[in-house]
2 protein chains.
Amino acid sequence: MEEIKIIELKQSVFEDNDKDAERLRAGLKDAGVFLMNLMSSPGSGKTTLLLSLAEKLAGRLDWAVMEADIDSDVDAARMIDAGVRSVQLHTGGMCHLDADMTRQGLAELGLIQGEADRPVAGCEKLDLVVLENVGNLVCPAEFDTGACLDVTILSVPEGDDKPLKYPLMYEKCDILIVSKIDVLPYFDFDTEKVVANALMRNPKIDVIFVSAKTGEGMDELAVKIEKRVREWQE
Amino acid sequence: MEEIKIIELKQSVFEDNDKDAERLRAGLKDAGVFLMNLMSSPGSGKTTLLLSLAEKLAGRLDWAVMEADIDSDVDAARMIDAGVRSVQLHTGGMCHLDADMTRQGLAELGLIQGEADRPVAGCEKLDLVVLENVGNLVCPAEFDTGACLDVTILSVPEGDDKPLKYPLMYEKCDILIVSKIDVLPYFDFDTEKVVANALMRNPKIDVIFVSAKTGEGMDELAVKIEKRVREWQE
C-alpha cells in the first residue's frame with residue numbers, strides 16, 4: 001500500500017517538474033545559455049573530467065559549472081582553484097536536482113531572473129553551464145532539470161553491466177562517456193559489451209571513451225560538446 | 001514550493017516505514033534470522049564481494065542473498081551459479097528498498113509469513129540473509145529495511161571523499177568495507193583520510209579493508225560477520 005502511495009505522489013511531482021523544466025529551457029534559449037546535465041554514480045570522476053575538459057574548452061567557450069551535492073564544497077573548490085567559474089548547490093538531503101533547484105543555481109550565476117526565467121540584462125554572457133548532478137544513477141534520471149543535453153559517465157571500475165541495471169539513466173541520455181579507460185587493464189570490462197548494452201537501452205546514444213588522467217579522448221569530447229552548443233545557438 | 005512538498009511527503013513515508021521496519025526486525029528475531037543490509041554506489045562490487053564471502057562462510061553459516069535491482073537478474077544468476085541460494089527482487093523503478101519490499105523478499109525465501117511476520121513452521125533454517133540493496137548512496141540510507149546490521153561498501157576507484165558528500169549513508173552504517181584495495185596503486189586514494197572522513201560521520205563505524213579479487217581481508221570480514229550473527233542469536 002505504501003509503495004503505491006509513493007508512486008502516485010511522485011507522478012504528480014514529475015508532471016509539475018516536466019512543465020517547469022520546459023519553461024526553464026525556453027528561458028535559457030532566450031538567454032543564449034546551453035545547459036548540460038552531467039550525471040553518474042558517486043565517484044565516477046565527474047569533477048576530474050570537468051577539470052580536464054576545462055583545459056580543452058579554454059578560449060573556445062565561455063562556461064561555468066554548478067556543483068550539486070548533498071553536503072561539502074570540495075567539488076566547487078577544485079573547479080575554482082582551476083580557474084573555472086563555479087557555484088556549489090546543496091540539495092538539502094535530496095538525491096537529485098529538479099528544474100526549480102537548477103533555476104536557483106542559474107539565478108545565482110546571474111543568468112536568469114524571476115519566475116518567467118527572463119535573461120538578466122547586461123549580465124556576463126556564458127555559452128555553456130554544466131550542472132554536475134548528485135552522484136546517483138536512479139533519481140536524477142527521473143527529473144528533467146531543464147537541460148538541453150543529458151550526459152552520463154560510466155567509469156571502467158563500475159563494470160560494463162550498468163545499462164542493464166539502471167535502464168532509465170541510459171534511455172534518457174544523449175551522450176555516454178566511458179571514463180577512466182587508463183585502468184582498463186586492471187578490470188574485467190568489455191568495451192564492446194558496454195556499447196551493446198547502452199545501445200539496447202537507447203539506439204541514439206552517442207558513446208565516447210576517455211581518460212581524464214591521460215587525456216585520451218578529451219579533445220574529441222570537447223569538440224563534441226562545442227558542436228552541440230553551437231548548433232543550439234544557431 | 002514543490003521542494004518543500006516533497007520533503008513533507010517523504011517524512012510521513014519515513015515514519016510509516018520506521019514502524020514497519022521495527023515490526024519486521026521483531027519477526028526476524030522470532031525466526032532466528034539475521035538480516036544484513038548491504039549498500040553502496042553502483043559498480044562498487046557488492047556481488048563480487050558476496051561471491052568471495054561465500055567461500056569463507058561455507059560450512060560456518062547457512063545463508064541466502066536477496067539481490068535488489070531496478071532491472072536485470074545478472075546478480076542473482078551469478079550467486080546461484082556459485083551455489084548460493086538467491087532471489088532477485090525488482091523494485092519497479094524505485095531507488096531503494098523499504099521494509100515492506102524487504103518483507104516480500106523474505107516471504108519469497110519462505111522465512112516469514114503474513115503481516116505479523118510470523119516464522120514459517122518447518123522452513124529451512126537460515127542464520128543470515130544478505131539484502132543487496134539498489135546501488136545508490138542516497139535513498140537507501142533513508143529507509144530502514146528492518147535489517148539487524150547496515151553495511152556500506154566504498155570501492156577505491158570512487159575516492160576517499162565519499163563520506164564528505166553522502167553523510168547519512170555513513171552516519172547510519174555499522175560497518176564500512178573499503179573494497180578493491182588491489183587497485184590502490186592506480187588511484188589517488190588515501191587510506192588514512194577515508195578512515196578519518198568516515199569516523200567524522202560516525203565515531204562508532206567499523207572500517208575494514210578488503211579485496212575480493214586477491215582475497216585480502218576477506219577472512220577477517222567473514223569472522224566479523226559471523227560474530228555479529230552469533231551475538232544476535234544468543
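Start by selecting Asn202(B), which lies in the loop between α8 and β9 (206-209) of chain B, where helices (H or I, at least four residues) and strands (E, at least two) are DSSP runs numbered from the N terminus. Asn202(B) is buried, with a relative accessible area of 11%; buried means under 20% relative accessible area, exposed means over 50%, and partly exposed is in between, with a 1.4 Å probe and protein chains only. Leaving aside neighbours within four places in sequence, Asn202(B) is in contact with Tyr170(B), Glu171(B) and Cys173(B), contact meaning heavy atoms within 4.5 Å. Now show the backbone of Tyr170(B), whose oxygen is reached by the side chain of Asn202(B) at 3.4 Å. The C-alpha atoms of Asn202(B) and Pro167(B), which are 35 residues apart along the chain, are separated by 9.2 Å.

Before going further, note that this is a predicted model, in which local features need pLDDT of at least 70 and side-chain atom pairs count only at pLDDT 80 or more, while totals for chains, interfaces and linings use all residues. Residues are numbered from 1 along each chain as its sequence is written, chains are lettered from A and ligands numbered from 1 in the order in which they are written, and side-chain values use heavy atoms, with hydrogens and water left out.

Next, select Ser52(B) in helix α2 (residues 46-57) of chain B. Ser52(B) counts as buried at 9% relative accessibility, and, not counting residues up to four places away in sequence, Ser52(B) touches Ala212(B) and Met218(B). Add Lys213(B) to the selection: Ser52(B) and Lys213(B) are 161 residues apart in sequence, and 7.9 Å apart in space, C-alpha to C-alpha.

From there, step to Ala212(B), in the loop between β9 and α9 (218-233) of chain B. Is Ala212(B) buried or partly exposed? At 24% relative accessibility, Ala212(B) counts as partly exposed. Outside its neighbours within four places in sequence, Ala212(B) is in contact with Thr48(B), Leu49(B), Ser52(B) and Met218(B).

Move on to Val130(B), in strand β6 (residues 128-132) of chain B, which is buried with a relative accessible area of 0%. With its neighbours within four places in sequence left aside, the contacts of Val130(B) are Met36(B), Leu38(B), Leu50(B), Trp63(B), Ala64(B), Val65(B) and Met66(B). A distance label between the C-alpha atoms of Val130(B) and Glu67(B), 63 residues apart along the chain, should read 8.4 Å.

Two backbone angles come next. Most residues other than glycine have a negative phi. Ser72(B), however, has a positive phi of about 75° although it is not a glycine; Ser72(B) is placed in the loop between β2 (63-69) and α3 (74-81) of chain B and counts as buried at 14% relative accessibility. Select Lys180(B) as well, a residue other than glycine whose phi has a positive value near 60°. Lys180(B) is in the loop between β8 (175-179) and α8 (191-201) of chain B, and is buried, with a relative accessible area of 16%.

Now turn to chain A and select Asp127(A), in the loop between β5 (118-119) and β6 (128-132) of that chain. Asp127(A) is buried, with a relative accessible area of 10%. Which side chain is joined to that of Asp127(A) by a polar contact of 3.0 Å? The partner is Gln233(A), a polar contact being a pair of N or O atoms within 3.5 Å, of which, within protein, one must be able to donate a hydrogen and the other to accept it, with residues adjacent in sequence counting only if both atoms are side-chain atoms. Beyond neighbours within four places in sequence, the residues in contact with Asp127(A) include Gly32(A), Phe34(A), Asp62(A) and Arg230(A).

Finally, display both chains together. A rotation of 180° with 0.0 Å of shift along its axis superposes chain B on chain A (RMSD 0.0 Å), the superposition being by least squares on the C-alpha atoms of residues with pLDDT of at least 70 in both copies. The two copies are thus related as by a two-fold rotation axis. Of the interface residues of chain B, 100% are also interface residues in chain A, so the copies meet through the same surface.
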